[in-house]
Amino acid sequence: MVGRLERVLVCPPENAGWNSGRAAAWRELGFLHAPEFAVASEQHATLCHELESAGAEVVRLPASGELTLDAVYTHDPSIVTDFGAIPFVPGKANRVAEGSAHATFYRVQKIPVLGEVHAPGSAEGGDMVWLDARTLLIGRGCRTNSSGISQMRTLLKPLGIEVLPAPLPYSAGPSTCLHLMSLMSLLDDRTVLVDLPWLAVETVELLHARGYRMVEIEYEERETLACNVLSLGEGRLLALAENARTNEKLAGAGFDMRVFPGSALCINGGGGPTCLTRPLARR
């Protein structure tokens, strides 16, 4: 999760129907207010510019009438491993079609598909954190269930990958988006940004046991997704400009900070830089 980002999948707001009649469903999808398409599109273009400036090839998920506003958050419907992609059945009902859209994308791109998570299992990429190349930590919450975790373990165990479950708090329940990556973001091989009070004790103990240095977010920036920071590799991070105090803390910890505004694109829908990107290749 922290190697040099070389290729990444995104979905522009237009491709997810932010400028169509689908935008009327913003309340039921949990957005804070009606989408601001022009602003969100400008912010997404800035995101893509930052990714390309960091040396990543940016590819875009094709538009589809089955996609909803949430499809801009391409991190969740699938994961890409060293052995192939794994499309999911997302735990949020309106996002189920995204798993199929990602599977089609991988076939067209000739990216091998290792396997899929099937119902009654549910899984979302925001609940998955690679602690190292052979250890995948998966959050058990409202979006990723026990069956989804079990299916991931079955797929990855023959490849020598250990899957560890991480309990998540109930928070406000299924209507909100609380992923494991809402509470922790890996910054490099030994540093993790955390929302410490919300992490389970066993997760904190695991991070300590593995020797991670923890940097805590500024907690007044929790609601503006301060913990959602994307590693570009080589000590470079991409974060939301709105979280100036957390970003200043990260710069003080030795990281090269890149920022972009996310008021309309990220904060409104509850998805930050990691959520907007599905890494396809790192080195």
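**Exercise 1. Leu 225 and Glu 234**

Task: In this predicted model, decide whether Leu 225 counts as buried or exposed, and then do the same for Glu 234.

Solution. Begin with Leu 225, whose relative accessibility is 18%. Since the limit for a buried residue is under 20%, Leu 225 counts as buried because its value of 18% satisfies that condition. As to its position, Leu 225 sits in the loop between strand 10 (213-216) and strand 11, and its backbone has a positive phi of about 65° although the residue is not a glycine.

Turn next to Glu 234, which has a relative accessibility of 58%. The exposed class requires over 50%, and Glu 234 is therefore counted as exposed. Glu 234 belongs to the loop between strand 11 and strand 12, and its phi, near 60°, is again a positive value in a residue other than glycine.

**Exercise 2. A cis peptide bond**

Task: State which peptide bond is cis, with omega near 10°, and where Pro 120 lies.

Solution. The bond in question runs from Ala 119 to Pro 120. Pro 120 itself is placed in the loop between helix 2 and strand 5.

**Exercise 3. The sheet of strands 5, 6 and 7**

Task: Work out in what order the three strands of the open sheet are arranged, and which of them are the edge strands.

Solution. The order is 5-6-7, with mixed pairing. The edges are strand 5 (128-132) and strand 7 (162-167), each of which pairs on one side only, and the twist from one strand to the next averages 30°.

The mixed character can be followed by taking the two pairings in turn. Strand 5 and strand 6 (residues 135-140) are antiparallel and share four bridges, and a hairpin of two residues connects them. Within this pairing, Met 128 stands opposite Ile 138, while Val 129 has Leu 137 as its bridge partner. Strand 6 and strand 7, by contrast, run parallel and are joined by six bridges, with Ile 138 partnered by Pro 165 in strand 7.

**Exercise 4. The helices across the sheet**

Task: Identify which helices lie across strand 5, strand 6 and strand 7, and establish how many residues of strand 6 are buried.

Solution. One of the helices is helix 3 (residues 146-156), which crosses these strands while running at about 170° to strand 6. Another is helix 4 (residues 201-209), which also lies across the three strands and runs at about 135° to strand 7. Helix 3 has a further part in the arrangement, in that strand 6, helix 3 and strand 7 together make a right-handed β-α-β unit. As for burial, strand 6 is mostly covered, with five of its six residues buried.

**Exercise 5. The nonpolar cores**

Task: Determine which residues touch the most other members of the largest nonpolar core, and then describe what surrounds Leu 276 and Tyr 73.

Solution. The largest core has 43 residues, and Trp 18, Leu 51, Phe 105, Phe 260 and Leu 276 touch the most other members. Among the elements that each supply at least two residues of this core are strand 1 (5-10), helix 1 (37-53), helix 2 (96-108) and helix 6 (263-267). A second, separate core of 19 residues includes Leu 164, Ala 166, Val 204 and Leu 207.

Leaving aside neighbours within four places in sequence, Leu 276 is in contact with residues including Leu 9, Val 10, Leu 47, Phe 260 and Tyr 73. Tyr 73 is found in the loop between strand 2 and strand 3 (78-81), and it is buried because its relative accessible area is 3%. Its contacts beyond four places in sequence include Trp 18, Phe 31, Arg 95, Glu 98 and Leu 276. The C-alpha atoms of Tyr 73 and Val 215, which are 142 residues apart along the chain, are separated by 25 Å.

**Exercise 6. The whole chain**

Task: Explain why the radius of gyration agrees with that of a compact globule.

Solution. For 283 residues, a compact globule would have a radius of gyration near 19 Å, and the protein chain has 17 Å, so the two agree. The C-alpha trace spans about 50 × 40 × 40 Å along its principal axes, and buried residues make up 55% of the chain. Of the contacts between residues at least 6 apart in sequence, 68% join residues at least 24 apart. The secondary structure comes to six helices and 14 strands.

Note on methods
Residues numbered from 1 in each chain as written. Predicted model: local features only at pLDDT ≥ 70, side-chain atom pairs only at ≥ 80, totals over all residues. Heavy atoms only, no water. Core = buried A, V, L, I, M, F, W, Y, C linked by side-chain atoms within 4.5 Å. Buried < 20%, exposed > 50% of the residue type's maximum accessible area, 1.4 Å probe, protein only. Contact = heavy atoms within 4.5 Å. Pairing = 2+ DSSP bridges. Axes fitted to C-alpha atoms, helices over the stretch in contact; angles between N-to-C directions. Right-handed = clockwise from strand over helix to strand, strands pointing away. Rg over C-alpha atoms; globule rule 2.2 N^0.38 Å.
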